[in-house]
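Thanks, I'll keep this short. Please have the model open while I talk.

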Amino acid sequence: QVQLVESGGGLVQPGGSLRLSCAASGFTLDYYAMGWFRQAPGKEREGVSCISSSDGSTYYADSVKGRFTISRDNAKNTVYLQMNSLKPEDTAVYYCAADGGGLCTVATMGHGGRSYDYWGQGTQVTVSS
């Protein structure tokens with residue numbers, strides 16, 4: 001059974017940090033591009049970051065560039081999103097997803113990630129004082 005399970009969300013003060021984890025089971029991450037998406041109340045789902053399956057190339061949305069870092073540990077079948085200098089506007093449900101095409105590009109992160117094959121259930125991140 002294919003499954004992605006996110007963890008690490010929570011409540012943090014502005015300027016704080018969180019590290020999200022996404023553990024995969026039922027398939028091997030090695031051949032998949034992995035992405036993080038988020039959806040705030042009343043807003044469409046948006047692509048935050050992704051990492052390719054082959055050369056580890058990455059993409060970051062402008063809103064998180066320089067603050068978030070995506071990484072993958074294929075041996076643990078897990079992807080991470082390190083989030084620093086968090087802002088209230090980062091508040092959202094964060095989802096990880098897997099794309100069997102293996103590519104991490106602006107195009108694959110668009111349209112709410114409709115090219116992605118598998119999705120996790122999401123983890124809430126709230127940035128508030």
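The largest pocket has a volume of about 150 Å³. This is a predicted model, so please read every value as computed from it. Which residues line the largest pocket? From the earlier part of the chain there are R38, Q39, A40, K43, E44 and E46, and further along come P88, E89, T91 and A92. By class, the lining splits into 5 charged, 3 nonpolar and 2 polar residues. The charged ones are R38, K43, E44, E46 and E89. A40, P88 and A92 make up the nonpolar share, and Q39 and T91 the polar one.

Next, the aromatic residues. The count comes to 6 aromatic pairs. One of them is F37 with W119: the ring centres are 4.9 Å apart and the planes meet at 50°. Why is the pair called tilted? An angle under 30 degrees would be stacked and one over 60 edge-to-face, and 50° falls in neither range, so the pair is tilted.

Where do the two residues of this pair sit in the chain? F37 belongs to strand β4, residues 33–39, and W119 to strand β10. They are 82 residues apart, so this pair links distant parts of the chain.

The two partners also have their accessibility values. F37 is at 0% relative accessibility, which is under the 20% limit, so F37 counts as buried. W119 is at 26%, between the 20% and 50% limits, and therefore counts as partly exposed.

W119 has another neighbour to point out. The charged end of R45 sits over the ring of W119, at 3.9 Å from the ring centre. Elsewhere among the aromatics, F27, Y32 and Y118 form one cluster.

Last, the backbone. Most residues other than glycine have a negative phi. Here are two residues with a positive value. N77, which is not a glycine, has a phi near 55°. H111, also not a glycine, has a positive phi of about 55°.

Both are in loops. N77 is in the loop between β7 (68–73) and β8 (78–83). H111 is in the loop that runs between α1 (106–109) and β10 (118–119).

Are these two buried or exposed? N77 has a relative accessible area of 13%, under 20%, so N77 is buried. H111 stands at 63%, over 50%, and so counts as exposed.

That is what I had on the pocket, the rings and the loops.

Terms used:
Residues are numbered from 1 along each chain as its sequence is written. This is a predicted model: local features need pLDDT of at least 70, side-chain atom pairs count only at pLDDT 80 or more; totals for chains, interfaces and linings use all residues. Side-chain values use heavy atoms; hydrogens and water are left out. Helices (H or I, at least four residues) and strands (E, at least two) are DSSP runs, numbered from the N terminus. Buried means under 20% relative accessible area, exposed over 50%, partly exposed in between (1.4 Å probe, protein chains only). On a 1 Å grid over the protein atoms alone, a cavity is a set of points where a 1.4 Å probe fits but cannot get out, and a pocket is an open set with protein on both sides within 12 Å along at least five of seven lines; lining residues have an atom within 4 Å of a point. Grid points are joined across faces, edges and corners, and a volume is the space filled by probe spheres set on the points. Rings of Phe, Tyr and Trp (its six-membered ring) pair if their centres lie within 6.5 Å; planes under 30 degrees apart count as stacked, over 60 as edge-to-face and the rest as tilted. A charge sits over a ring if NZ of Lys or CZ of Arg is within 6 Å of the ring centre and within 35 degrees of the ring normal.
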